[in-house]
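The exercises below concern nonpolar packing and charged pairs in a protein model. Please work through each task before reading its solution.

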Amino acid sequence: MIDDLGSANGTFVNDQLITESFPLASGDIIRLYVPMLYFSATVTEEDQRNAEEMGTLITATISTGKGKLIITTGPQEGTTIPLLLNTITMGRATSKASWEIGLQDPSVSRPHARLQLVDNTWVIHDLGSANGTLVNNTPVTEKGRPLRDGDIMTLGSTILLFRAG
């Protein structure tokens, strides 16, 4: 998701001024007045090497050791999402989304599931989603289910691999 934080010249995605949170898709062009950024959901080794050589690669500057999600199936396949907060809500990517992780999958609910870090263990809760939340093909309830490194989560048609910190 991208937000304009009240900049003087605005933030544009694909030459359209954004006025609220906007879900990014691979290939989107972000314009911040003069600088143009090319958003990629996946980066090949060649893309990374070229960006490093040109000094144009932007990566996360911190690692919290809290874990990450890797999207293994779905429109955002190959995307790695670091778990930086202690509570993270996931749902369908929409222009009015208020959750931290937006999934570009019409079979994902708005919102769908919540991750919470409890005593150094991630717990996933289903938020009454239409298609349910599965961990290792077992349904998750509102009560939640603790996650272990390597667990496979299914939200709609999107499959995510959980990696502990």
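The model is predicted, and three exercises with worked solutions follow.

**Exercise 1. The nonpolar cores**

Task: Determine which residues of the largest nonpolar core touch the most other members, and which strands supply at least two residues each.

Solution.
Step 1. The largest nonpolar core has 20 residues. Those touching the most other members are Leu69, Met90, Leu115, Ile124, Leu147, Met153 and Leu155.
Step 2. At least two residues of this core come from each of the strands E5 (68–73), E7 (87–92), E8 (101–103), E9 (113–118), E10 (121–126), E14 (152–155) and E15 (158–163).
Step 3. A separate, second core holds 5 residues, including Ile2, Val13, Ile18 and Ile30.
Step 4. As background, nonpolar side chains in soluble globular proteins tend to be buried together.

**Exercise 2. The surroundings of leucine 115**

Task: List the residues that leucine 115 touches, leaving out residues up to four places away in sequence.

Solution.
Step 1. With those sequence neighbours not counted, leucine 115 touches Leu69, Leu83, Ile88, Met90, Val123, Ile124, Leu147 and Met153, among others.
Step 2. The list is completed by Asn86, Thr87 and Trp122.
Step 3. Leu69, Met90, Ile124, Leu147 and Met153, which are among these contacts, also belong to the group that touches the most other members of the largest core.

**Exercise 3. Salt bridges**

Task: State how many salt bridges are counted, and locate the partners of aspartate 15, aspartate 149 and aspartate 151.

Solution.
Step 1. The count is 5 salt bridges.
Step 2. Aspartate 15 pairs with arginine 31, with 3.6 Å between the closest N and O atoms. Because aspartate 15 lies in the loop between strand E1 (12–13) and strand E2 (16–17), and arginine 31 in strand E3 (residues 29–31), this pair ties together parts that are 16 residues apart in sequence. Aspartate 15 is exposed, at 58% relative accessible area, whereas arginine 31 is partly exposed, at 22%.
Step 3. Aspartate 149 forms a salt bridge with arginine 163 at 2.8 Å, N to O. Arginine 163 lies in strand E15 and aspartate 149 in the loop between strand E13 (145–146) and E14, so the pair ties together parts 14 residues apart in sequence. Both partners count as partly exposed: arginine 163 at 34% relative accessibility and aspartate 149 at 43%.
Step 4. Aspartate 151 meets arginine 145 in a salt bridge at 3.2 Å, N to O. Aspartate 151 has a relative accessible area of 3%, so it is buried, the cut-off being under 20%.
Step 5. A network of salt bridges links Arg145, Arg148 and Asp151.

Technical notes. Residues numbered from 1 in each chain as written. Predicted model: local features only at pLDDT ≥ 70, side-chain atom pairs only at ≥ 80, totals over all residues. Heavy atoms only, no water. Core = buried A, V, L, I, M, F, W, Y, C linked by side-chain atoms within 4.5 Å. Buried < 20%, exposed > 50% of the residue type's maximum accessible area, 1.4 Å probe, protein only. Helix = DSSP H or I, 4+ residues; strand = E, 2+ residues; numbered from the N terminus. Contact = heavy atoms within 4.5 Å. Salt bridge = Lys/Arg side-chain N within 4 Å of Asp/Glu carboxyl O.
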